[in-house]
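Biologist: I have a structure open and I'd like to learn how to read it. Can you walk me through it, one feature at a time?

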Amino acid sequence: MKKLLDAQSKSIVNIYDEINLWSAPFGRLLLENIPMQSSIKILDLGFGTGFPLIELSQRFGESSKIYGIDIWAEAINRTKNKIKLLELKNIEILETSAISIPLADQQINLITSNLGVNNFEERKKVYAEMHRVLKTDGSICITTNPMGTFEELFDLFSIVFKEMGLEDELEKLNTYLQHRNTKASIEAEFKTSGFKLVKSKSDHTNMRFSDPVAVLNHSLIRIGFRRYWEKMIQEEMRADFFKRLLDKIGLHIQSEGAFSMKIPILYLEFRKSEYS
Ligand SMILES: C[S@@+](CC[C@H](N)C(=O)[O-])C[C@H]1O[C@@H](n2cnc3c(N)ncnc32)[C@H](O)[C@@H]1O
């Protein structure tokens, strides 16, 4: 057994919160559903700051080998620090894009990706690589946030765009929303890459706010979303747009007590089509 970890140690405290609240409900669904087996090879695509890579390493143990692929240098450094502090010996980090996976054909039993695939550019190339490295009877288990994410907020975007006569912005919003994944669209993409869906689970979580500005100032929104929303709107209209949006969120909070944004969660598990 490895040595106990000291909860008073600064470095242990620094890695204690190892998954953010956005990724956690997706990861919970993933970890509750992935097929469990001993002595296997796992590949985690887009592990960010180490999730679920480190959790997989700890749950499958040292009889298994876990490869992690990512391109985000700062996050990879953080993950390496966690791996070192936790003395995990069964992880190998591959610092490269998943469009070209530096592994031999047909050697992986399980591929996971928590909130990864919808972030990959050239997804078809990534799927082709997943197909190449996966064993014939291997599994791919992914989670993603499909169409419907933050729909209460986007309904208000739409109302404000209409109010301001912003036709182009309304069209951009509709295109942005229509292009979000659905279970059917992901299944179709995987099907053309040679996989069949064998299991799916749906769930949802909610982000609730009691202050309008807090919605736009939340760190998750500032890191992952607001940039795209701002780009959608002509610069000279932005201040007015956000003011009106905040007023609408405020009215909602006054009448309902909170502004709640739904986040649908989808878990999908695939096998190679030729394997039945
Ligand atoms: C939303 S984050 C998810 C991180 C983590 N799995 C989690 O649950 O917190 C998506 C991750 O995919 C990675 N990524 C994006 N494109 C990639 C690519 N082409 N190859 C490998 N990783 C990629 C990003 O760097 C990022 O770490």
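**Reading the model**

Modeller: Of the chain's 276 residues, 31% count as buried. Keep in mind that this is a predicted model.

Biologist: Which helices and strands should I look for, and how many are there?

Modeller: You'll find 12 helices and 7 strands in the chain. As for overall form, the radius of gyration is 21 Å and the globule rule gives 19 Å for 276 residues, so the chain is as compact as a globular protein of that length. Along the principal axes, the C-alpha atoms fill a box of roughly 60 × 50 × 30 Å.

Biologist: How are the domains laid out along the chain?

Modeller: Domain 1 is assigned to 10-146 + 181-205 + 264-272, and domain 2 to 151-176 + 211-257. Their C-alpha centres lie 32 Å apart. On contacts, take the pairs of residues at least 6 apart in sequence: 83% of those contacts join residues at least 24 apart.

Biologist: Can you show me a residue that illustrates that?

Modeller: Try I265, which sits in strand β7 (residues 259-272). The C-alpha atoms of I265 and P25 are 7.8 Å from each other, with their positions 240 residues apart along the chain. Beyond its sequence neighbours within four places, I265 has contacts that include P25, F26, L29, T143 and H204.

Biologist: Is I265 buried or exposed?

Modeller: Count the neighbours: a residue is buried if 20 or more other C-beta atoms lie within 10 Å of its own. I265 has 21, so it is buried.

Biologist: Now the ligand. Which residues come nearest to it?

Modeller: There are 20 residues around the ligand, and S23, G46, G48, W72 and A98 come nearest. By type, the shell divides into 11 nonpolar, 8 polar and 1 charged.

Biologist: Where is S23 placed, and what does it touch?

Modeller: S23 lies in the loop between α1 (10-16) and α2 (24-33). Setting aside neighbours within four places in sequence, S23 is in contact with F51, N114 and L115. S23 counts as partly exposed because it has 19 C-beta neighbours inside 10 Å. For a pair set wider apart, look at S23 and G68: they are 45 residues apart along the chain, and their C-alpha atoms are separated by 17 Å.

Biologist: What about a helix? Which residues of α5 are buried?

Modeller: In α5 (residues 123-133), the buried ones are V126, Y127, E129, M130 and H131. Those buried residues pack against β4 (108-114), β5 (134-144), α8 (183-192) and β7.

Biologist: And how do I read backbone angles?

Modeller: Start with the general pattern: most residues other than glycine have a negative phi, and most peptide bonds are trans. Then look for departures. F51 and P52 are joined by a cis peptide bond, with omega about 0°. P52 is in the loop between β1 (41-45) and α3 (53-60).

Biologist: Which residue departs from the pattern in phi?

Modeller: S39 is one: it is not a glycine, yet its phi is positive, about 55°. S39 is in the loop between α2 and β1, and with 11 C-beta neighbours inside 10 Å it counts as exposed. E87 also has a positive phi of about 55° without being a glycine. Look for E87 in the loop between α4 (73-85) and β3 (91-94); with 9 other C-beta atoms within 10 Å, E87 is exposed.

Key
Residues are numbered from 1 along each chain as its sequence is written. This is a predicted model: local features need pLDDT of at least 70, side-chain atom pairs count only at pLDDT 80 or more; totals for chains, interfaces and linings use all residues. A residue is near a molecule or strand if its C-beta atom, placed from the backbone, lies within 6 Å of it. Ala, Val, Leu, Ile, Met, Phe, Trp, Tyr, Cys and Pro count as nonpolar, Asp, Glu, Lys and Arg as charged, and the others, Gly among them, as polar. Helices (H or I, at least four residues) and strands (E, at least two) are DSSP runs, numbered from the N terminus. The radius of gyration is taken over C-alpha atoms; the globule rule is 2.2 Å times the number of residues to the power 0.38. A residue is buried if 20 or more other C-beta atoms lie within 10 Å of its own, exposed if 12 or fewer, and partly exposed in between; C-beta atoms are placed from the backbone. Two residues are in contact if their C-beta atoms, placed from the backbone, lie within 7 Å. Domain bounds come from an automatic or database domain assignment.
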